[in-house]
Amino acid sequence: MIKKEHIIILLLVVIISLLMFAMFSLSAQKEETKTGGYSPVTYETIANDTASDRGFVQVIRNIGNPNGEKIAYVVGVHPLENQTHRTLLKWLPGTDDLNYNYDIYIINVTEDIGHYGDGSSDDSQGRQNGQNLARKYVYPEIVDADYRLAIDIHSNVGAYQYKTFVFSPTKEGGGESLARQVAEKCENITYYAPESTTSGPYLTIPLNENGVPAFYLEEYSFAPQEVKDMHMLELIFAVDNLEFD
């Protein structure tokens with residue numbers, strides 16, 4: 001015969017176990033709520049033949065809302081514009097409550113990085129190395145995936161009419177339309193289209209021509225870092241509030 005004391009102890013053990021399970025489940029639910037139940041951000045190298053390619057390419061994947069539209073950012077096409085590239089990398093991966101899902105393609109040129117001059121030369125080798133990496137590795141990944149938009153991050157030395165602007169080298173297409181929408185949402189970023197761009201044929205033009213709207217951000221190279229930060233946050237939130245058809 002089971003003693004009354006044993007029954008009480010057994011009931012207490014069951015109650016404590018149920019309470020611990022409930023607390024664990026609540027903790028798990030809170031953690032899932034805090035992270036949105038999202039898959040973790042991942043880091044991947046998609047090209048690492050530095051001997052032949054003079055650089056390598058990495059991707060940070062799954063930033064933001066995995067159920068949102070997919071958008072690609074690209075940095076590093078022109079290596080000496082790296083302060084603006086680092087500004088995107090500083091802000092976007094840590095931004096909370098994003099509407100869309102973002103991948104950042106990072107081009108790392110390892111040879112002839114300093115062949116940039118004053119920014120007026122079209123045949124500088126470092127820029128060409130980055131453009132080649134973009135065409136060989138970044139373009140096919142983006143065009144073959146389900147991206148709604150691609151944004152190529154650059155900077156300039158102030159030779160244009162505007163210092164901070166967005167534009168698409170392919171006129172009257174999806175890239176231009178989305179770039180103009182972004183400019184309308186930004187106080188400090190305008191839409192301005194230069195007559196030509198050296199990297200366009202390697203990434204943004206073929207993307208636009210093959211179903212992925214694409215445009216540039218051009219930031220002023222010599223702007224103070226706090227100004228670069230402000231402009232980049234404007235871009236991030238304007239893009240994240242775009243309306244896609």
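The legends below describe close-up views of a predicted model.

**View 1. The whole protein, for orientation.**
The protein contains seven helices and eight strands. Of its 245 residues, 44% count as buried. The protein exposes about 13200 Å², and carbon and sulfur atoms supply 53% of this area. Among the contacts with a separation of 6 or more, 79% are between residues 24 or more positions apart. The structure also holds nine salt bridges, some of which appear in later views.

**View 2. Strand β5 and the strands paired with it.**
Strand β5 covers residues 147-156. The strand is mostly covered, with nine of its 10 residues buried. Strand β3 (residues 70-75) pairs with β5 in the parallel sense, over five bridges. Strand β8 (residues 214-220) also pairs with β5 in the parallel sense, over seven bridges. D152 of β5 can be used to find both pairings: D152 is the bridge partner of V74, and the bridge partner of D152 in β8 is Y216. When following the strands, note that in a regular strand the side chains alternate between the two faces of the sheet.

**View 3. The surroundings of N156.**
N156 is located in strand β5. Is N156 buried or exposed? N156 counts as buried because its relative accessibility is 4%, and the cut-off for buried is under 20%. The side chain of N156 reaches the backbone oxygen of K163 at 3.0 Å. A polar contact of 3.4 Å also joins the side chain of N156 to that of E218. Leaving out residues up to four places away in sequence, N156 touches K163, F165, E218, E219, Y220 and S221. K163 and E218 therefore appear in this list of contacts as well as in the two polar pairs, K163 through its backbone oxygen and E218 through its side chain.

**View 4. The salt bridge between R61 and E44.**
Side chains of opposite charge can pair when their charged atoms come close. Here the side chains of R61 and E44 meet in a salt bridge, with an N to O distance of 2.7 Å. R61 lies in strand β2 (residues 55-64) and E44 in strand β1 (residues 42-47), so the salt bridge ties together parts that are 17 residues apart in sequence. R61 is buried, with a relative accessible area of 18%. E44 is partly exposed, at 34%.

**View 5. The salt bridge between R61 and D103.**
The side chain of R61 also meets that of D103 in a salt bridge, at 3.7 Å from N to O. This pair links distant parts of the chain, with R61 in strand β2 and D103 in strand β4 (residues 101-109), 42 residues apart. D103 is buried, with a relative accessible area of 4%.

**View 6. The salt bridge between R61 and E141, and the network.**
E141 forms a salt bridge with R61, and the closest N and O atoms are 3.1 Å apart. E141 lies in helix α4 (residues 125-144) and R61 in strand β2, so this pair ties together parts that are 80 residues apart in sequence. E141 counts as partly exposed, at 27% relative accessibility. Which residues are joined into one network by salt bridges that share partners? They are E44, R61, D103 and E141.

Notes: Residues are numbered from 1 along each chain as its sequence is written. This is a predicted model: local features need pLDDT of at least 70, side-chain atom pairs count only at pLDDT 80 or more; totals for chains, interfaces and linings use all residues. Side-chain values use heavy atoms; hydrogens and water are left out. Helices (H or I, at least four residues) and strands (E, at least two) are DSSP runs, numbered from the N terminus. Buried means under 20% relative accessible area, exposed over 50%, partly exposed in between (1.4 Å probe, protein chains only). A polar contact is a pair of N or O atoms within 3.5 Å; within protein, one must be able to donate a hydrogen and the other to accept it, and residues adjacent in sequence count only if both atoms are side-chain atoms. Contact means heavy atoms within 4.5 Å. A salt bridge is a side-chain nitrogen of Lys or Arg within 4 Å of a carboxyl oxygen of Asp or Glu. Accessible areas come from the Shrake-Rupley method with a 1.4 Å probe; for residues, only the protein chains shown count as cover. Two strands pair if DSSP finds at least two bridges between them.
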